[in-house]
Amino acid sequence: MSIFSPVPLSTDFHQGRKPDLRKVGRDIYELLTNTGRRGYKQRLRKQLVKIESDKNYAPGDVAAFLNVSYDAALRLMQKMKGVIDLGTPTRRYKRGKKKLRISGKNLVAFLRGKTRE
């Protein structure tokens with residue numbers, strides 16, 4: 001492997017077998033298009049969420065549904081009606097933790113208010 005090749009070559013190629021060109025092409029495409037972000041926030045944005053009225057949703061679910069970041073979902077949820085904060089309060093020299101939950105009914109009402117019908 002030379003210092004200029006970013007992807008190590010398969011051992012199959014050196015043993016006389018041909019490499020799988022689909023896999024090589026996919027690897028090259030991922031290297032060129034990948035932004036390098038593979039954190040939990042990015043994974044949450046890519047998941048699919050179906051809203052049910054009797055279920056409570058966390059900021060990660062809201063972020064996935066609205067296709068915004070986790071932090072943006074937290075900021076939005078703090079402004080929504082019907083949000084419950086189950087976190088710890090702020091004490092002296094200690095920052096309180098946020099643990100927000102919203103019911104599906106209130107989330108649907110928020111989304112209806114944002115759309116034009």
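Strands E1 and E3 run antiparallel and are joined by two bridges. In this predicted model, Tyr57 has its bridge partner in E3, namely Ile102. E3 spans residues 100–103 and also pairs with E2, again in the antiparallel sense, over three bridges. Ile84 is bridged to Arg101 of E3. Asp85 is bridged to Leu100 of E3. The three strands thus form an open sheet in the order E1-E3-E2, with antiparallel pairing. E1 (56–57) and E2 (83–85) are the edge strands. Each has a single partner strand, so one side of each is left without a neighbour in the sheet. In a regular strand, side chains alternate between the two faces of the sheet.

Helix H6 follows with residues 104–114 and packs on the sheet. H6 touches E1 and E3. The direction of H6 makes about 80° with that of E3.

The sheet is one part of a chain that holds six helices and three strands. From the N terminus, the order of elements is α-α-α-β-α-α-β-β-α. The chain has 117 residues, and 15% of them are buried. Its accessible surface comes to about 10,200 Å². Carbon and sulfur atoms account for 53% of that surface. Among contacts with a separation of 6 or more, 41% join residues 24 or more positions apart.

The largest nonpolar core has 11 residues. It consists of Tyr57, Val62, Ala63, Ala73, Leu74, Met77, Met80, Leu100, Ile102, Leu107 and Leu111. At least two residues of this core come from each of H4, H5, E3 and H6. H5 gives the largest share, three residues. Two bridged residues of the sheet, Tyr57 and Ile102, are both members of this core. Leu100, the bridge partner of Asp85, belongs to the core as well.

Helix H4 covers residues 59–66. Its buried residues are Pro59, Gly60, Val62, Ala63 and Ala64. Of these, Val62 and Ala63 are listed in the core. In an α-helix there are 3.6 residues a turn, so residues three or four places apart point the same way. Helix H5 (70–79) comes after H4, across a loop that contains Asn67. Buried in H5 are Ala72, Ala73, Leu74 and Met77. The cover over these buried residues includes E1, H4, E2 and E3. Ala73, Leu74 and Met77 also appear in the core.

H4 and H5 pack against each other with their axes 8 Å apart, at an angle of about 105°. H4 is therefore roughly perpendicular to H5. On the H4 side, the contact is made by Pro59, Gly60, Val62, Ala63 and Leu66. On the H5 side, these residues meet Tyr70, Ala73, Leu74, Leu76 and Met77. Several residues of this contact are also buried, including Pro59, Gly60, Val62 and Ala63 in H4. Ala73, Leu74 and Met77 are among the buried residues on the H5 side.

Tyr70, which lies in H5, takes part in the contact with H4. Its relative accessibility is 23%, so Tyr70 counts as partly exposed; the cut-off for buried is under 20%. Tyr70 and Ala58 are 12 residues apart in sequence. Their C-alpha atoms are 9.9 Å apart in space.

Two loop residues have positive phi values. Asn67 comes just after H4 and takes a phi of about 60°. This is a positive value in a residue other than glycine. Asn67 sits in the loop between H4 and H5. At 49% relative accessibility, Asn67 counts as partly exposed, because the cut-off for exposed is over 50%. Tyr93 has a phi near 65°, again a positive value in a residue other than glycine. Tyr93 is placed in the loop between E2 and E3. With 74% relative accessibility, Tyr93 counts as exposed.

Terms used
Residues are numbered from 1 along each chain as its sequence is written. This is a predicted model: local features need pLDDT of at least 70, side-chain atom pairs count only at pLDDT 80 or more; totals for chains, interfaces and linings use all residues. Side-chain values use heavy atoms; hydrogens and water are left out. Two strands pair if DSSP finds at least two bridges between them. Helices (H or I, at least four residues) and strands (E, at least two) are DSSP runs, numbered from the N terminus. Contact means heavy atoms within 4.5 Å. Axes are lines fitted to C-alpha atoms, for helices over the stretch in contact, and angles run from 0 to 180 degrees between N-to-C directions. Buried means under 20% relative accessible area, exposed over 50%, partly exposed in between (1.4 Å probe, protein chains only). Accessible areas come from the Shrake-Rupley method with a 1.4 Å probe; for residues, only the protein chains shown count as cover. A nonpolar core is a set of buried Ala, Val, Leu, Ile, Met, Phe, Trp, Tyr and Cys residues joined through side-chain atoms within 4.5 Å. Angles under 35 degrees count as roughly parallel, over 145 as roughly antiparallel, 65 to 115 as roughly perpendicular and the rest as oblique.
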